[in-house]
Amino acid sequence: MCCVIGLSVCGVTRVPYVSITGLVLHSSLQWPRFAAHATRAMAQARSAPGNRFADARVVSGVHPTLTVWDERDAMLTYLRSGSHSAAIRVYRKISSAST
């Protein structure tokens, strides 16, 4: 469990940007494709500038992710680039998703 109250930068406390998403695979046959994309996207998130925390789980067939960012722009930069961008292009083919 992660609890973040605020980030202190130069003595000023800022509230972080938190993103929670989840998806359900259309079928277990989609697992290999999903796992390949998810592994690369999570590695990208964990090393992305502005990322403070990234985690993924499986809960009752749902694949949720939780990421914490210094600011929204850092999250959007990650979202639109690299492995995450590639994963977004295939998610509708393999799953139903919610953000």
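Contact here means heavy atoms within 4.5 Å. With that criterion in hand, the tour proceeds through a predicted model, from the whole chain to single residues.

**The whole chain**

Begin with the entire protein in a cartoon representation. The display contains 3 helices and 6 strands, and from the N terminus on the elements follow the order β-β-β-α-β-β-α-α-β. Of the 99 residues, 33% count as buried. Switching to a surface representation shows an accessible surface of about 6,500 Å², with 58% of that area belonging to carbon and sulfur atoms. For a contact map, consider the pairs at least 6 apart in sequence: 63% of these contacts join residues at least 24 apart.

**Helix α1**

Next, select residues 31-47, which form α1. This helix has 17 residues and reaches 24 Å from its first C-alpha to its last, close to the 24 Å expected at 1.5 Å a residue. Colour its buried residues, namely F34, A35, H37, A41, M42, Q44 and A45. What covers them? The cover includes the strands β3 (17-25), β4 (51-56) and β5 (63-69), together with the helices α2 and α3.

**The largest nonpolar core**

Keep α1 visible and add side chains for A41, M42, A45, A48, A54, W69, A74, M75, L76 and Y78; these 10 residues make up the largest nonpolar core. Two elements, α1 and α2 (72-79), each give two or more residues to this core. The largest share, 4 residues, comes from α2.

**Helix α3**

Now move to residues 82-94, the helix α3. α3 has 13 residues and spans 19 Å between its first and last C-alpha atoms, close to the 18 Å expected at 1.5 Å a residue. Centre the view on I88 to find a kink of about 30 degrees in this helix. The buried residues of α3 are H84, S85, A87, V90 and I94.

Three consecutive stops in this helix follow.

- **H84.** Select H84 within α3. The residue counts as buried because its relative accessibility is 14%, against a cut-off of under 20%. Leaving aside neighbours within four places in sequence, H84 is in contact with A41, Q44, Y78 and L79. Of these partners, A41 and Q44 are among the buried residues of α1, while A41 and Y78 are members of the largest nonpolar core.
- **S85.** Select S85, also in helix α3. S85 is buried, with a relative accessible area of 18%. Show side chains here: a polar contact of 3.0 Å joins those of S85 and R89. Not counting residues up to four places away in sequence, S85 touches L79 and R80.
- **A86.** Is A86 buried or partly exposed? With a relative accessible area of 22%, A86 is partly exposed, since buried would require a value under 20%. Draw a distance between the C-alpha atoms of A86 and A41: these residues are 45 apart along the chain, and the separation is 8.6 Å.

**The loop between β4 and β5**

Finish at S60, which is located in the loop between β4 and β5. S60 is exposed, with a relative accessible area of 77%. Inspect the backbone torsions at this position. Most residues other than glycine have a negative phi. The phi of S60, by contrast, is near 50 degrees, a positive value in a residue other than glycine.

Note on methods:
Residues are numbered from 1 along each chain as its sequence is written. This is a predicted model: local features need pLDDT of at least 70, side-chain atom pairs count only at pLDDT 80 or more; totals for chains, interfaces and linings use all residues. Side-chain values use heavy atoms; hydrogens and water are left out. Buried means under 20% relative accessible area, exposed over 50%, partly exposed in between (1.4 Å probe, protein chains only). A nonpolar core is a set of buried Ala, Val, Leu, Ile, Met, Phe, Trp, Tyr and Cys residues joined through side-chain atoms within 4.5 Å. Accessible areas come from the Shrake-Rupley method with a 1.4 Å probe; for residues, only the protein chains shown count as cover. The expected span of a helix is 1.5 Å times one less than its number of residues. The bend at a residue is the angle between axes fitted to the seven residues ending there and the seven starting there. A polar contact is a pair of N or O atoms within 3.5 Å; within protein, one must be able to donate a hydrogen and the other to accept it, and residues adjacent in sequence count only if both atoms are side-chain atoms.
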